[in-house]
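Let's take a walk through this protein together. Keep the sequence and the 3D view open while you read.

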Amino acid sequence: MMNSQGVAPPGAVEARALTVERGDRTVLRSLDFTVEPGRITGLLGPSGCGKSTLMRAVVGTQAKVGGTLDVLGLPAGHPALRPRVGYVTQAPSVYSDLTVRQNLDYFAAVLLPGRAHRDSRRETVTRVIQDVDLTTRADALAGNLSGGQLSRVSLAVALLGTPELLVLDEPTVGLDPVLRRDLWNLFHTLAADRGTTILVSSHVMDEAERCHRLLLMREGTVLAADTPDALRTRTGSATIEEAFLHLVDEAAATARKEATR
């Protein structure tokens, strides 16, 4: 995508030779990729391929990160990024002995401190409860919610600060098809209406079709980065799952050739 001067805008996330070491093991291997602003980028791959590690690196909570990783024009983890980046982990990060609204009131006070924000905090809490469709459960204790509802509370917390970048680690795992559909509709609304950049991971290949762009990962590497249509065309595949398997076979064949040289 080009701007009016014919120059591609900077990516919301720019990684160059990104590497993560854990002990004597290399978890991410010299990754190069760009996450386009205002779009939904899907990070897809099997469990254990490095998706969560990559997301932790993006939000600045991962140790032993090498290479270059810029987020919204700043180095990943820069203090100025805290109010600009929302992060939802796989494990819900809420207090089980507080209600949904009390949890959100608490986190809103942390994210939006000061007397000037007091009235706007109430409005913001009401808005995010509506965004994640928990209005009827707003006064329920978090400890009494289902796993899917807890995930939506965590998402609501991330939305309190109206983040420019939303990083979501497998947010739809364990949800029924209706809730999955509703969450994806919300993601598209955030991207289209608010310009939010969304980086969302999944190991469910059919969710790839809901993304504007994909990063396909395996064993700590990025196999491909492109739109779903382009990946299917490039590999001559009918589905993203077929395209992924084609790319895995292609990478394996390349590795075998290099090993015999």
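## Ground rules

Helices (H or I, at least four residues) and strands (E, at least two) are DSSP runs, numbered from the N terminus. This is a predicted model, where local features need pLDDT of at least 70 and side-chain atom pairs count only at pLDDT 80 or more, while totals for chains, interfaces and linings use all residues. Residues are numbered from 1 along each chain as its sequence is written, and side-chain values use heavy atoms, with hydrogens and water left out.

## Meet Leu111

Leu111 sits in helix α2, which covers residues 100-111. Is Leu111 buried or exposed? Neither: Leu111 counts as partly exposed because its relative accessibility is 42% (buried means under 20% relative accessible area, exposed over 50%, partly exposed in between, with a 1.4 Å probe and protein chains only).

## A hairpin

Strand β9 (residues 213-218) pairs with strand β10 (residues 221-226) in the antiparallel sense, over five bridges; two strands pair if DSSP finds at least two bridges between them. Leu214 faces Asp226 of β10. The two strands, β9 and β10, make a hairpin with two residues between them, and Glu219 in the turn has a positive phi of about 50°.

In a regular strand, side chains alternate between the two faces of the sheet.
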